[in-house]
Amino acid sequence: MQYVNIFRGKILDVSDSSVTVEMTGDSNKINSFISLVETFGIIKIVRTGPTAVERG
């Protein structure tokens, strides 16, 4: 959650096994965030405009 705050992202949902994050910005910012958090085990990444993502 601290990484999300550092990158000025938004936490949309938290469950026992996952955190859903909204991150906007240029490609360098997004790539840096992904590199930083991929050790936590990324389940799904959606990189596009308006999108629907399942919660939990």
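Here is a friendly walk through the structure shown above, from the overall fold to single residues.

A word on the ground rules comes before the tour. This is a predicted model, in which local features need pLDDT of at least 70, side-chain atom pairs count only at pLDDT 80 or more, and totals for chains, interfaces and linings use all residues. Residues are numbered from 1 along each chain as its sequence is written, and side-chain values use heavy atoms, with hydrogens and water left out.

Let us start with the whole protein. Its secondary structure comes to 2 helices and 2 strands, and from the N terminus on the order of elements is α-β-β-α. Helices (H or I, at least four residues) and strands (E, at least two) are DSSP runs, numbered from the N terminus. Taken along the principal axes, the C-alpha atoms fill a box of roughly 30 × 25 × 15 Å. The radius of gyration is 11 Å, which agrees with the value near 10 Å for a compact globule of 56 residues; this radius is taken over C-alpha atoms, and the globule rule is 2.2 Å times the number of residues to the power 0.38.

How much of the chain is buried? Of the 56 residues, 18% count as buried. Here buried means under 20% relative accessible area, exposed over 50%, and partly exposed in between (1.4 Å probe, protein chains only). The protein exposes about 4700 Å², and carbon and sulfur atoms supply 50% of that area. Accessible areas come from the Shrake-Rupley method with a 1.4 Å probe, and for residues only the protein chains shown count as cover. As for contacts (heavy atoms within 4.5 Å), those between residues at least 6 apart in sequence include 32% that join residues at least 24 apart.

Now turn to helix 2, which spans residues 27-37 and has Ile30, Phe33, Ile34 and Val37 buried. These four sit on the same side of helix 2, because they cover an arc of only 100 degrees around the axis; the arc is that of the directions from the helix axis to the C-beta atoms. The general background is that an α-helix has 3.6 residues a turn, so residues three or four places apart point the same way. Among the elements covering the buried residues of helix 2 are helix 1 and strand 2 (19-22).

Phenylalanine 33 shows this in detail. It lies in helix 2 and is buried, since its relative accessible area is 10%. Leaving aside neighbours within four places in sequence, phenylalanine 33 is in contact with Tyr3, Val4, Phe7, Val21 and Met23. One of these partners, phenylalanine 7, is 26 residues away in sequence, with 7.1 Å from C-alpha to C-alpha.

Strand 2 has a buried residue to visit as well. Threonine 20 lies in strand 2 and counts as buried because its relative accessible area is 17%. Not counting residues up to four places away in sequence, threonine 20 touches Lys10, Ile11, Leu12, Asp13 and Glu54.

What about the surface? Met1, Val14, Val19 and Val21 form a nonpolar patch there, with about 360 Å² of accessible area together. Patches are made of residues with over 30% relative accessible area and no salt bridge, where like charges are joined within 9 Å and nonpolar side chains (Val, Leu, Ile, Met, Phe, Trp, Tyr) within 5 Å. A salt bridge is a side-chain nitrogen of Lys or Arg within 4 Å of a carboxyl oxygen of Asp or Glu. Methionine 1 is found in the segment before helix 1 (2-6) and, at 64% relative accessibility, counts as exposed.

Arginine 8 is worth a stop too. It lies in the loop between helix 1 and strand 1 (10-14) and is exposed, with a relative accessible area of 74%. Most residues other than glycine have a negative phi. Phi of arginine 8, however, is near 55 degrees, a positive value.

The last stop is the segment after helix 2, where glutamate 38 has its place. Glutamate 38 counts as partly exposed at 47% relative accessibility. Glycine 49 lies in the segment after helix 2 and is partly exposed, at 43%. The C-alpha atoms of glycine 49 and serine 32 are separated by 19 Å, with their positions 17 residues apart along the chain.
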